[in-house]
Amino acid sequence: MSTRNDRHDSEPGRTHDDPPITFYRLQGCPYCERVTRLLQEYDLEYRSRFVEPMHSDRNVVKRVAGVRTVPVIVDDATGVTMAESANIVGYLESTYGDDGGEA
């Protein structure tokens, strides 16, 4: 079951109860929705972090991934941090899809 904890926190501390995937996204972003659909299709637990609409204000994403663009995922289960929807979709398919390890 997907867990969406949709908050605008600025760097909350992770706890052992947090889902392994943190998903940085922007409301209404079609690239983010593509990743959302796949996370839900694979029934992966994740935490959504909605970012600031102004590109120049996305400092949280910049600190995490080195870019200010979204989507970005951080997968603590594998140690992967990744940007760009096509790359994220490929990663999720190969890691969690039918041919991947955990789905």
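Which residue in S2 does Phe 23 stand opposite? Select Phe 23 and look across to S2: its partner there is Ser 48. Keep in mind that this is a predicted model.

**Stop 1: the whole chain**

Colour the protein by secondary structure. You should find three helices and four strands. Trace the chain from its start, and the order reads β-α-β-α-β-β-α. Now show the surface. About 5800 Å² is exposed, and carbon and sulfur atoms supply 46% of that area. Of the 103 residues, 42% are buried. Contacts also reach along the chain: of those between residues at least 6 apart in sequence, 57% join residues at least 24 apart.

**Stop 2: S1, H1 and S2**

Select strand S1, residues 21–25, and helix H1, residues 30–41. Add strand S2, residues 46–50. Together, S1, H1 and S2 form a right-handed β-α-β unit. S1 and S2 run parallel, and five bridges join them.

Stay on S2 and show its side chains. Five of its five residues are buried. Tyr 46, Ser 48 and Phe 50 point one way. Arg 47 and Arg 49 point the other way, and they are buried too.

**Stop 3: two cysteines**

Next, select Cys 29 and Cys 32. How many disulfides does the protein have? The count is zero. The sulfur of Cys 32 is the nearest cysteine sulfur to Cys 29, at 3.0 Å, and Cys 29 is in no disulfide. Cys 32 is in no disulfide either, with the sulfur of Cys 29 3.0 Å away. Why is there no disulfide here? A disulfide needs the two sulfur atoms within 2.5 Å, so a pair at 3.0 Å does not count. Are these cysteines buried or exposed? Cys 29 is buried, at 10% relative accessible area. Cys 32 is buried as well, at 0%.

**Stop 4: the nonpolar core**

Now go inside. The largest nonpolar core has 26 residues. Select Tyr 24, Leu 39, Ile 73 and Leu 92, which touch the most other members. Then colour the elements that each supply at least two core residues: S1, H1, H2 (59–65), S3 (72–75), S4 (80–83) and H3 (85–96). Which of these gives the most? H3 does, with five residues.

Centre the view on Ile 73. Setting aside neighbours within four places in sequence, list what it contacts. Ile 21, Thr 22 and Phe 23 are among its contacts. So are Val 35, Val 80, Thr 81 and Met 82. Ile 88, Tyr 91 and Leu 92 complete the list.

**Stop 5: three loops**

Finish with the backbone in the loops. Start between H1 and S2, where you will find Asp 43. Its phi is near 55°, a positive value in a residue other than glycine. Asp 43 is partly exposed, with a relative accessible area of 46%.

Move on to the loop between H2 and S3, and select Pro 71. What kind of peptide bond joins Val 70 and Pro 71? The bond is cis, with omega about 10°.

Last, select Glu 84, in the loop between S4 and H3. Glu 84 is not a glycine, yet its phi is positive, at about 75°. Glu 84 counts as partly exposed, with 47% relative accessibility.

Definitions and conventions. Residues numbered from 1 in each chain as written. Predicted model: local features only at pLDDT ≥ 70, side-chain atom pairs only at ≥ 80, totals over all residues. Heavy atoms only, no water. Buried < 20%, exposed > 50% of the residue type's maximum accessible area, 1.4 Å probe, protein only. Contact = heavy atoms within 4.5 Å. Areas by Shrake-Rupley, 256 points an atom, 1.4 Å probe, with all protein chains shown as cover. Core = buried A, V, L, I, M, F, W, Y, C linked by side-chain atoms within 4.5 Å. Pairing = 2+ DSSP bridges. Right-handed = clockwise from strand over helix to strand, strands pointing away.
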